[in-house]
Amino acid sequence: MISSNVGDENMVEENITSPKPPNSDSSQWGFETRAIHAGQEPDESTGAVTVPIHLATTYMQTSPGQHQGFEYSRTSNPTRLALEQNLANLEGAKHGIAFASGMAAEDAIAGMMRPGDHVILGIDAYGGTFRLIAKVYGERGIKWSAVDLSDLDAIAAAIGPRTRQVWVESPTNPTLAIVDIAGVVDIAHANGVDVVVDNTFATPYLQNPLSLGADVVVHSSTKYLGGHSDVVGGFIALSRDDLAERLFFVQNAVGAVPSPFDCYLLLRGIKTLGVRMDRHCQNAAAIANYLIAHDMVKCVLYPGLAEHPGYEVATRQMRGSGGMVSFIHVKGAEAASATVSATKVFKLAESLGAVESLIEQPAAMTHLSVADSPLAVSEGLVRLSVGIESVDDLLDDLKQALDS
Ligand code: P1T
């Protein structure tokens with residue numbers, strides 16, 4: 001694969017990988033059991049059944065270089081290691097690498113490219129992803145193309161001699177399009193191009209891109225993984241040793257690592273990921289079905305609807321349709337703005353994936369940075385992050401907001 005920079009002059013001076021303490025052989029366990037236990041042995045000194053928040057920044061050595069696997073907390077930390085092992089397990093990955101935010105994780109991946117290299121993005125990528133590639137890496141000489149990734153021929157046509165990575169979201173943010181991950185992998189790999197999948201919307205409970213052939217999975221763990229709107233985090237899961245070596249090196253060299261407390265919050269959130277996702281999916285399906293029939297709704301974007309263009313692929317590669325629903329207001333931008341301002345249970349806010357329901361207008365909020373770009377979204381688009389409240393309260397709230 002081309003985008004590994006192993007062997008070039010900027011590459012590792014030291015081989016940095018996380019130390020590996022003993023861990024249960026959890027490979028046979030079901031998802032919920034692994035979510036609760038993988039990477040998390042009871043603390044040996046106290047028997048504590050939850051992973052302690054290890055705040056120490058440095059670890060005693062018996063002689064120079066002789067230690068118990070931890071030296072300095074930017075390089076490795078026991079609470080972070082538990083999170084890395086846990087999420088790697090859930091993604092079916094050999095390596096897990098935690099970052100301070102989803103964008104920090106994406107930056108580490110984009111940083112494997114060199115001036116003149118080319119990356120393919122989806123036409124409806126998250127606005128922050130577009131901003132990073134076009135406005136940060138673009139200025140450093142990285143070329144990019146925005147392509148409709150549901151069109152495999154368009155991807156093949158966009159690949160050039162310097163294309164290094166294809167970045168896939170599925171479902172996409174905010175239009176909930178579905179991309180055939182295995183199909184993209186076939187085309188990309190035939191051309192020596194790596195496939196990066198942002199699995200934030202699906203979570204490892206609903207979709208495992210590595211099992212579909214992807215090279216790298218990235219998460220904004222701020223969302224469903226944390227699940228409670230109280231921690232910002234990012235994560236990379238992968239099985240390729242060459243890329244992992246470089247990414248562990250960058251994690252330590254750049255230092256965009258999550259705090260031990262953030263890692264603890266993520267570990268706690270992940271324990272309930274499965275049960276939360278079941279309820280998110282149920283509530284979202286009920287809301288999508290309600291919205292379809294509403295006069296003020298031009299169209300509903302939800303991959304669990306049989307009329308969604310990605311329905312077949314979603315059924316094949318996902319274990320549920322997720323908790324995000326978008327729709328286009330019949331009356332356009334102003335009406336969309338009024339609707340998102342009128343809900344009471346749904347809070348008007350950016351972000352997604354937590355227990356509480358959120359509503360927003362992407363063109364004015366999360367996707368403002370893609371205005372006037374090929375990724376611009378309809379101003380009448382409304383995005384719902386459907387929470388796990390009583391579904392009748394959510395339906396009543398949308399009804400009063402759309403009818404008012
Ligand atoms: O916010 P941060 O943890 O840095 O993650 C960035 C990110 C990456 N990928 C996807 C698919 C995302 O949705 C995000 C963040 N998204 C929002 C804040 C939002 O409201 O869409």
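The following questions and answers walk through a predicted model.

Visitor: Before the details, what is the mean pLDDT of the protein chain?
Guide: This is a predicted model, in which local features need pLDDT of at least 70, side-chain atom pairs count only at pLDDT 80 or more, and totals for chains, interfaces and linings use all residues. Residues are numbered from 1 along each chain as its sequence is written, and side-chain values use heavy atoms, with hydrogens and water left out. With pLDDT being the predictor's confidence in each residue, from 0 to 100, 94% of the residues reach 70 or more, and the mean for the protein chain is 93.

Visitor: Over which residues is the pLDDT below 50?
Guide: Where pLDDT is low, the predicted coordinates should not be read in detail. The stretch in question has 62 contacts in the model beyond near neighbours in sequence, contact meaning heavy atoms within 4.5 Å; the stretch is residues 1–23.

Visitor: In what order do the 7 strands of the open sheet run?
Guide: Strands (E, at least two residues) and helices (H or I, at least four) are DSSP runs numbered from the N terminus, and two strands pair if DSSP finds at least two bridges between them. The pairing in this sheet is mixed, and the edge strands, each pairing on one side only, are E1 (95–99) and E3 (143–147). The order is E1-E7-E6-E5-E4-E2-E3.

Visitor: What is the bridge partner of serine 220 in E7?
Guide: Strand E6 (residues 216–220) and strand E7 (residues 234–238) run antiparallel and are joined by 5 bridges. Within E7, the partner of serine 220 is glycine 234.

Visitor: Which residue of E3 is the bridge partner of histidine 118?
Guide: Buried means under 20% relative accessible area, exposed over 50% and partly exposed in between, for a 1.4 Å probe and protein chains only. In strand E2 (residues 118–122), 5 of the 5 residues are buried, so the strand is largely enclosed by the rest of the structure; His118, Ile120 and Gly122 point one way, and Val119 and Leu121 the other. E2 and E3 pair in the parallel sense over 5 bridges, and the partner of histidine 118 is lysine 143.

Visitor: How many residues apart in sequence are the parts tied together by phenylalanine 31 and tyrosine 205?
Guide: Rings of Phe, Tyr and Trp (its six-membered ring) pair if their centres lie within 6.5 Å, with planes under 30 degrees apart counted as stacked, over 60 as edge-to-face and the rest as tilted. Phenylalanine 31 and tyrosine 205 are edge-to-face, at 5.1 Å centre to centre and 65° between the planes. Phenylalanine 31 lies in helix H1 (residues 31–37) and tyrosine 205 in helix H7 (residues 203–206), so the pair ties together parts whose separation is 174 residues.

Visitor: What is the angle between the planes of tyrosine 59 and phenylalanine 70?
Guide: Tyrosine 59 and phenylalanine 70 are both buried. Their aromatic pair is tilted, with the centres 5.7 Å apart and an angle between the planes of 40°.

Visitor: What relative accessible area does histidine 280 have?
Guide: Histidine 280 is found in helix H10 (residues 273–292). Leaving aside neighbours within four places in sequence, histidine 280 is in contact with residues including Tyr224, Gly322, Val355 and Ile388. Histidine 280 counts as buried, with a relative accessible area of 0%.
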